[in-house]
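Biologist: I am new to this structure and would like to go through it slowly with you. Could you show it to me before we begin?

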Amino acid sequence: MIGRYLVRFSALGYVAVILVAPVALIFWRAFEHGLGPFWAAITTPDALHALKLTLELAVVAVPLNTAFGIACAIAIVRYRMPGGGLVNAIVDLPLALSPVVVGLSLYLLYARDGWFGGWLTRHGVQMLFAYPAMLLAMLFISLPFVVREVVPVLREIGIDQEEAAATLGSSAFTTFRKVTIPAIRWAVTYGVVLTTARCLGEFGAVSIVSGGIAGRTQVLTQYVQASYENFNLTGAYAASVVLAGLAIATLVAMTIVRPKEERSGNRDA
Amino acid sequence: MAIETRNVTKRFGDFVALDDVSITAQSDSLTALLGPSGSGKSTLLRVIAGLEVPDAGDVFISGKEATAVAPQKRGVGFVFQHYAPFKHMTVRENVAFALKIRHRPRTEVRARVDELLELVQLTGLDRRYPAQLSGGQRQRMALARALAPEPEVLLLDEPFGALDARVRKELRAWLRRLHEETHTTTILVTHDQEEAMEVADEVVLMAKGRVEQVGPPSELYERPANEFVMSFVGPVTRLAEAYVRPHDIEILLSPDGADAEAMVERIVHLGFEVRVELVDAEGERLSVQLTREAAAELELAAGDVVWVRARRTRVFA
């Protein structure tokens with residue numbers, strides 16, 4: 001009995017100290033002087049632009065990584081390709097690699113004297129310190145989530161249902177649309193939620209390639225850092241609250257998705 | 001519609017699943033592919049359905065070469081071993097699947113699904129999900145789903161494999177009746193000889209990727225081509241060099257005309273029949289099947305010394 005309480009207490013205590021306290025503090029500091037200063041801080045042109053840019057990048061990165069994530073998962077599970085195991089491992093790279101390293105490698109590729117940068121600059125394409133490189137960084141960082149969620153579900157459902165659809169006269173595309181997608185839909189949803197959270201919170205890789213020019217190439221996380229460094233603490237706290245709010249919203253979305261997945265995803269044959 | 005495979009060979013890596021297999025299933029017949037696991041029977045069924053591409057050989061459906069035809073275009077209904085239900089669809093949606101993707105009018109789909117559900121005795125369960133059905137119900141739903149597009153050929157992979165003994169027996173009789181109603185050329189894969197004997201017009205007995213014997217159930221039982229067939233399709237016991245069915249052995253109380261002497265080791269009463277386990281002079285065990293009356297007349301007891309005579313034996317070279 002005591003052991004059980006000990007485990008429970010230490011687990012909850014740990015979570016409270018490590019996770020809850022800092023986030024709660026952010027909220028407290030942001031609203032310390034009431035709603036007015038908070039509202040003023042997040043409606044400055046730079047803050048609004050940072051929020052808009054962050055959402056714009058996510059809106060492109062999430063669908064791309066969802067579509068290609070599903071394709072990657074199918075390739076990994078369904079096709080015995082040479083080096084399939086390697087692909088499976090490489091997909092995890094963004095989880096293992098520090099975002100700063102990712103940012104740096106993109107920088108080296110697209111800088112004026114980099115591998116692709118020279119050619120692109122000559123053809124008038126500005127990658128670095130602009131939208132394209134920021135998007136690439138975000139795509140790189142958030143690639144694994146959909147793949148990681150979908151792969152085990154695809155493995156578990158096997159090819160039986162797809163084969164059954166084929167013998168019933170269903171084309172490959174119809175089978176994908178009517179059989180495969182519904183079977184993996186909760187895994188995809190969960191993956192999308194995680195991808196979104198990762199995109200919104202991305203800092204390291206993006207900050208290296210974006211240049212962080214306020215009102216132009218600054219995402220919300222960078223806005224937090226810049227505000228903090230410029231002693232605009234209210235601005236930093238307010239933007240942090242927006243980020244935390246978005247994160248909490250994704251968490252809530254996740255918990256709404258979870259039980260449904262358990263109800264319909266695990267219907268056993 | 002007749003189905004034929006000619007010299008079909010299929011390998012998975014080093015494993016030869018099918019080795020030069022040629023079989024024919026007559027139009028409107030019910031053929032059983034019988035064999036132990038690893039005999040290649042399921043692989044052969046999947047080759048016929050187009051789910052596996054053979055390394056060599058050809059498949060003909062209704063006299064037309066079908067080896068390179070996609071499974072979608074073969075007009076084949078397939079019932080999978082674990083039924084492969086579409087888990088996110090209701091029973092009705094499952095059965096309607098083949099009709100919906102063919103864009104049949106809604107009223108027609110409705111009517112056809114109702115008719116099929118009645119045929120497989122699932123009327124009233126149409127709004128359930130596969131997870132809410134029993135094994136037998138799921139099996140019948142899979143069958144209705146496969147029958148929906150009116151396939152020329154019905155292929156069943158261990159259709160009763162995952163069900164308990166009582167349900168299996170019921171479904172077997174039901175399947176036979178269904179076959180008589182629909183007259184669809186049917187091939188059924190099973191490892192259960194009793195099942196094959198009971199439902200099939202013709203049995204193809206396979207082992208290690210090869211066909212051992214083809215014939216009606218009675219022929220396989222009465223005239224087995226080899227030792228494997230004899231022991232696979234029914235109980236068998238050995239008397240010196242010969243193979244005998246346990247019901248083809250007589251127990252005698254005197255040595256006159258007997259083939260061998262033996263001692264009664266155990267007597268098992270199985271209701272209608274009585275099984276007598278014997279040990280001969282060399283210590284070899286043999287088993288004899290008697291009717292209850294015959295056993296009662298002999299008044300046997302464990303430890304008795306008796307003589308046995310085989311009515312018919314088979315010796316394989």
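Biologist: How are H6(A) and H8(A) oriented to each other: parallel, antiparallel, perpendicular or oblique?

Modeller: This is a predicted model, and in it the axes of helix H6 (residues 99–110) and helix H8 (residues 131–142) of chain A come within 10 Å and cross at roughly 140°. Angles over 145 degrees would count as roughly antiparallel, and 65 to 115 as roughly perpendicular. The crossing of roughly 140° fits neither range, and the two helices H6(A) and H8(A) are therefore oblique.

Biologist: Of the residues in the contact of H6(A) with H8(A), how many are nonpolar?

Modeller: From H6(A), the residues that take part include A:Val102, A:Gly103 and A:Leu106, while H8(A) brings A:Leu136 and A:Phe140, among others. By class, this contact has no charged residues and one polar residue, and the nonpolar residues number nine.

Biologist: Which element gives the largest share of the side of chain A that touches chain B?

Modeller: On this side, 18 residues of chain A are in contact with 24 residues of chain B. The elements that give two or more residues to it are helix H11 (172–201) and helix H10 (160–167) of chain A. The largest share, six residues, comes from H10(A).

Biologist: What distance separates the centres of domain 1 and domain 2 of chain A?

Modeller: Domain 1 of chain A covers 1–32 and domain 2 covers 35–263. Six residues of domain 1 are in contact with seven residues of domain 2, and the domain 1 side of this contact has five nonpolar residues and one charged. Taken over C-alpha atoms, the centres of the two domains are separated by 29 Å.

Note on methods. Residues numbered from 1 in each chain as written. Chains lettered and ligands numbered in written order. Predicted model: local features only at pLDDT ≥ 70, side-chain atom pairs only at ≥ 80, totals over all residues. Domains from an automatic or database assignment. Contact = placed C-beta atoms within 7 Å. Nonpolar A, V, L, I, M, F, W, Y, C, P; charged D, E, K, R; others polar. Helix = DSSP H or I, 4+ residues; strand = E, 2+ residues; numbered from the N terminus. Axes fitted to C-alpha atoms, helices over the stretch in contact; angles between N-to-C directions. Parallel < 35°, antiparallel > 145°, perpendicular 65-115°, else oblique.
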